[in-house]
Amino acid sequence: MTAGSDSKRSEDTPPHPTVSNLQNEIRDLSETAQQLLTDKLLLESEVSQVKKRASRLEEEIRNLRAPPMIIGHLQDLTEDGAIVRSSNGTVFLVSVNPRIDSSKLVSGCRVALNQDTLSVIEILPDSWDPLVITSEIIEKPEVSYEDIGGLTEQISEIRETVELSFTNRDDFKRFSIEPPKGVLLTGPPGTGKTMLAKAVAHSTNAVFLGLVASELAQKYIGEGGRLVREIFDLARKKAPAIVFIDELDAIGSKRLDGATSGDREVQRTLMQLLSELDGFEPLEDVKIIAATNRPELLDSALLRPGRFDRIVEIPLPDEDGRLSILRVHTKNTPLSSQIDLKEIASKTDGFSGAEIKSLVVEAGVSAISNGRKKISKSDFSKSLEKVTDGRNGDVTDNSSGLYD
Ligand code: ATP
């Protein structure tokens, strides 16, 4: 080894890092690691949101593709299968889904056939009572305007539209003005649309008939229209009545060319609804309140004057609205004096009324499980964390797009 080569190595070898250099490097690396960890968490939460959204869209596609069923009457049951006369008069020899209890398949009973395979897949009751189909019928709902936080302008608009035409029918006559037949409420889920409809029924002593449009549509060929007619007949009998149609877009979407039979069935249901709206005597004591969180999908025929000519938007509550909703839901709840509802309202940006309600419920559950007599600040912090984790952007989910 020569002295020359020794001196070369000392030139090539980097100087020994000092302890402080190493400490700096460790700090930089741990900062990078921390950053990567945060990025990973963010990406994971994004992936989970995208997955949720994808599975909801898939579900929607499945629902759209699910063929509606054909209704028929069983004529006979033979060894080769069931002889069924469909509602359009054609007689088929069809198989019976093995899941069905064949002892209940008696001659003359109403059955539903799968549209593709024509096999009997359900035994139907002989006639349908609209009361059974209607998801809710309440003689006088308990919800009143005082139970609704915020939405002051919307409440007065709805009162003006629906309530006035119930209470001041003579004035409308005197002024020769046709009172509105109903209103359409639009806005994200959980913002109080159903509550509003119930509150109108409460304050006008009207019967509340609530139905979910998606349950009417697409299930049984030829039945959606009949059910709409029967529900309105029932409302006329029970008048004064409020017919509340939730998820109107399920039957009120734009009519498309080249529609499938499922779409055509939905259209028939819509046509029946339009004819009910048009057929109303102007002063008849039945008002319709419909709700949708996808107004952009609605057929323009529904929005023509004389049908849903008033559209009231029900937005997510702003900070004042959230405070009012918190006050409504904590009205009878013991709260520690340290709790500042204004502070909670400021921390719940983007929450719907329904989420604010579950925030209070969660905080109450936490207080009870900890044996406290009052809800404490920490109960609210925990519940805020829980509801925030749970929502993961869900407030916009059902509205897919419009309220994103
Ligand atoms: P969806 O579109 O999902 O049918 P919605 O808009 O009809 O929702 P509601 O069913 O009226 O919402 O609200 C759900 C629950 O959320 C109510 O029972 C109520 O407890 C609470 N809530 C929503 N909005 C309000 C509000 N403005 N004030 C008080 N409570 C509210």
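**View 1. Helices α11 and α13 cross at roughly 45 degrees, and their axes come within 10 Å.** This angle makes α11 oblique to α13, since oblique covers angles that are neither under 35 degrees, nor over 145, nor from 65 to 115. The crossing of the two helices is right-handed. The model shown here and in the other views is predicted. Residues 319-329 form α11 and residues 353-369 form α13, and each of these helices supplies at least two residues of the shell around the ligand.

**View 2. Helices α4 and α6 pack with their axes 11 Å apart.** Helix α4 spans residues 152-167, and the angle between α4 and α6 is about 50 degrees. That angle makes α4 oblique to α6. Where α4 passes α6, the crossing is right-handed. Helix α6, residues 193-203, also supplies at least two residues of the ligand shell. Two packed helices are described by the angle between their axes and the distance between the axes.

**View 3. The shell around the ligand holds 17 residues.** Those that come nearest are Gly-149, Gly-190, Lys-193, Thr-194 and His-329. By residue type, the shell divides into 6 nonpolar, 7 polar and 4 charged residues. Helices α6, α11 and α13 each supply at least two of the shell residues.

**View 4. Thr-191, Gly-192 and Thr-194 place polar atoms beside oxygen atoms of the ligand.** For Thr-194, a polar side-chain atom lies 2.5 Å from a ligand oxygen. Thr-191 approaches with a backbone N or O atom, which lies 3.1 Å from an oxygen atom of the ligand. A polar backbone atom of Gly-192 is likewise 3.1 Å from a ligand oxygen. On its own the ligand has 630 Å² of accessible area, and the protein covers 80% of this area.

**View 5. A cis peptide bond joins Ala-239 and Pro-240.** Omega for this bond is about 5 degrees. Pro-240 lies in the loop that runs between α8, residues 223-238, and β9, residues 241-246. Most peptide bonds are trans.

**View 6. Leu-151 has a positive phi although it is not a glycine.** The phi value of Leu-151 is about 55 degrees. Most residues other than glycine have a negative phi. Leu-151 lies in the loop between β6, residues 136-138, and α4. Helix α4 is the one that packs against α6 in View 2.

Definitions and conventions:
Residues numbered from 1 in each chain as written. Predicted model: local features only at pLDDT ≥ 70, side-chain atom pairs only at ≥ 80, totals over all residues. Heavy atoms only, no water. Near = heavy atom within 4 Å. Polar contact = N/O pair within 3.5 Å; in protein donor to acceptor, adjacent residues only side chain to side chain. Areas by Shrake-Rupley, 256 points an atom, 1.4 Å probe, with all protein chains shown as cover. Helix = DSSP H or I, 4+ residues; strand = E, 2+ residues; numbered from the N terminus. Nonpolar A, V, L, I, M, F, W, Y, C, P; charged D, E, K, R; others polar. Axes fitted to C-alpha atoms, helices over the stretch in contact; angles between N-to-C directions. Left-handed = near helix turned anticlockwise from the far one by under 90°.
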